[in-house]
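Visitor: Please take one part of this model and look at it closely, then follow the chain outward from there. I am new to this structure, so kindly explain each term as it arises.

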Amino acid sequence: MIEEDDSYNVDNDLATVCNLVGTQHQSKNSVATEKSLDSPIIEKSELLIDKKLPINLDIVIPMQNSEKNEDEGITWLTCAGQLKLLVNEVKECDLVLDKIKTEQFPNPVLFLINSIQKVRTIQSIADAFLKNASDILTQTISNNSTDILHDQTEYNSLIDHDPGKREKIVTASHRHYLISLGPHQPKLTSYPRNKSINTNKQRQFSSRWYIEFPLLEYSIEKDSAYFFVCFLFPNGPDREFSDNAWVTEGVRVWHKMKSRGKNKPGKLSEHFFCSVHKAALKDYCNFMKTSCHIDVLFDQANREKSIQIQHEREYNKQVIKILMDTTRTLARQGLAFRGDGDDKNGNFIQIVELLSRHCNVIKTWLDNKSMRSYHVTYLGSRSQNEFIELLSSETRN
């Protein structure tokens, strides 16, 4: 039977989530640090004088790292998710105001503390948004990626889908256009024969190769084979001395395309596993991660879904930071995380529930667990053990 909050799949793997949170930061007051955290434990006595307090917590406060991006894959959609998170935080200010309006005997000190913490949370998220947005804007302009917003027909008319007639890729919009079309893979009833090859050998292209090598292209114009990603990204690291046959002239030695015996891989396998192809494939994946391609820019449903995913990702980072800080606090104080009986009465879960009464981030996380896959909360025994292991690994390193 699957435990309610300890079930894992690829998307819910805790270590993956933690690695997305941020960079290393050593706290002078802590016995352990975690790569997913960039903040020290802040004692309660320091609560009112800490100028970087970002969220409404009384015991632990994760702080924002302003020196470097938390994730190498930050895109404009990440900024959109941060902006949505910022809007939600601003809306929560209404709850603070409503409370002070409706209480019969309002507490001015508590109101001011909550207000300061909420405003500093907003400031922290806003600072991260401004930094990421500025970096992405500068990078986008320098890479000439904004030309996708221009008239597509002006660029598309310069690029032929057939790799044998295709001109050199010079702009990002060319790549966007070709990616939207996909590899050129015509399936003909019969392909031309290469008369220079012996009749007892493979003398023509085979469409079956598309299945094994999905990025393989065939040119009807030149009766030659190409690789899609190598054409899109012919230059860069590990490609200084690359063979341009798969990019410019094309390959048509059909009898050597597949394996020719033991220790004699075919041309297709040789190129597929070489460093040149892997480097081009890496550039292709990074280019797709930017999420600036046509499907996202011009498809409203995809755009809204991508923004929501980024918003949830930013929100989940906040939750993981708080849970990791709770783990660090218990470890530093030498307190048991749970007893031999019911985990619900353990120190870890009780502290998290205490925080949920004062921190809206944790409260929302616990209230919405039924909307997540497997109702995961990362509060079970296996999750706690993994938190501890992450801290101990960082200490040993």
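Guide: Let us begin just after helix H5, where Gly-182 takes a positive phi of about 85 degrees. The model is a predicted one, in which local features need pLDDT of at least 70 and side-chain atom pairs count only at pLDDT 80 or more, while totals for chains, interfaces and linings use all residues. Residues are numbered from 1 along each chain as its sequence is written, and side-chain values use heavy atoms, with hydrogens and water left out. Helices (H or I, at least four residues) and strands (E, at least two) are DSSP runs, numbered from the N terminus.

Helix H5 itself spans residues 172–181. Seven of its 10 residues are buried, so H5 is largely enclosed by the rest of the structure. Buried here means under 20% relative accessible area, exposed means over 50%, and partly exposed lies in between (1.4 Å probe, protein chains only). The buried residues of H5 are Ala-172, Ser-173, His-174, Arg-175, His-176, Leu-178 and Ile-179.

Beyond H5, the chain runs through a loop to helix H6 (209–212), and Lys-201 is placed in that loop. Lys-201 is partly exposed, with a relative accessible area of 45%. Together with Lys-256, Arg-260, Lys-264 and Lys-267, Lys-201 forms a positive surface patch. Such a patch is made of residues with over 30% relative accessible area and no salt bridge, like charges being joined within 9 Å and nonpolar side chains (Val, Leu, Ile, Met, Phe, Trp, Tyr) within 5 Å. Lys and Arg count as positive and Asp and Glu as negative, whereas His and the chain ends are not counted. The place of a charge is taken as NZ of Lys, CZ of Arg, CG of Asp or CD of Glu. The accessible areas come from the Shrake-Rupley method with a 1.4 Å probe, and for residues only the protein chains shown count as cover.

Helix H6 also brings us to a salt bridge, that is, a side-chain nitrogen of Lys or Arg within 4 Å of a carboxyl oxygen of Asp or Glu. The side chains of Glu-212 and Lys-258 meet in one, at 2.4 Å from N to O. Glu-212 lies in H6 and Lys-258 in the loop between helix H7 (228–232) and helix H8 (267–272), so the pair ties together parts that are 46 residues apart in sequence. Glu-212 is partly exposed, with a relative accessible area of 47%, and Lys-258 is also counted as partly exposed, at 31%.

Next come the strands S1 (residues 216–219) and S2, which run antiparallel and are joined by four bridges. Two strands are said to pair if DSSP finds at least two bridges between them. Within this pair, Ser-219 stands opposite Ser-224 of S2. Strand S2 comprises residues 224–227, and both of its faces are covered: Ser-224 and Tyr-226 are buried on one side, Ala-225 and Phe-227 on the other.

The two strands make a hairpin with four residues between them. In this turn, Asp-223 has a positive phi of about 50 degrees although it is not a glycine. Most residues other than glycine have a negative phi. Asp-223 is buried, with a relative accessible area of 7%. A positive phi, of about 60 degrees, is also found at Tyr-378, again not a glycine. Tyr-378 is placed in the loop between helix H13 (360–367) and helix H14 (381–396), and at 4% relative accessibility it counts as buried.

Finally, we may return to the salt bridges, of which the count comes to 11. One of them joins Lys-131 and Asp-135, with 3.0 Å from N to O. Both residues lie in helix H3 (residues 108–142), four residues apart, about one turn of the helix. An α-helix has 3.6 residues a turn, so residues three or four places apart point the same way. Lys-131 is partly exposed at 27% relative accessibility, and Asp-135 is partly exposed at 32%. Another salt bridge links Lys-165 with Asp-160, their closest N and O atoms being 3.8 Å apart. Here too the partners are partly exposed, Lys-165 with a relative accessible area of 39% and Asp-160 at 29%. In addition, Glu-89, Glu-92 and Lys-118 are linked in a network of salt bridges.
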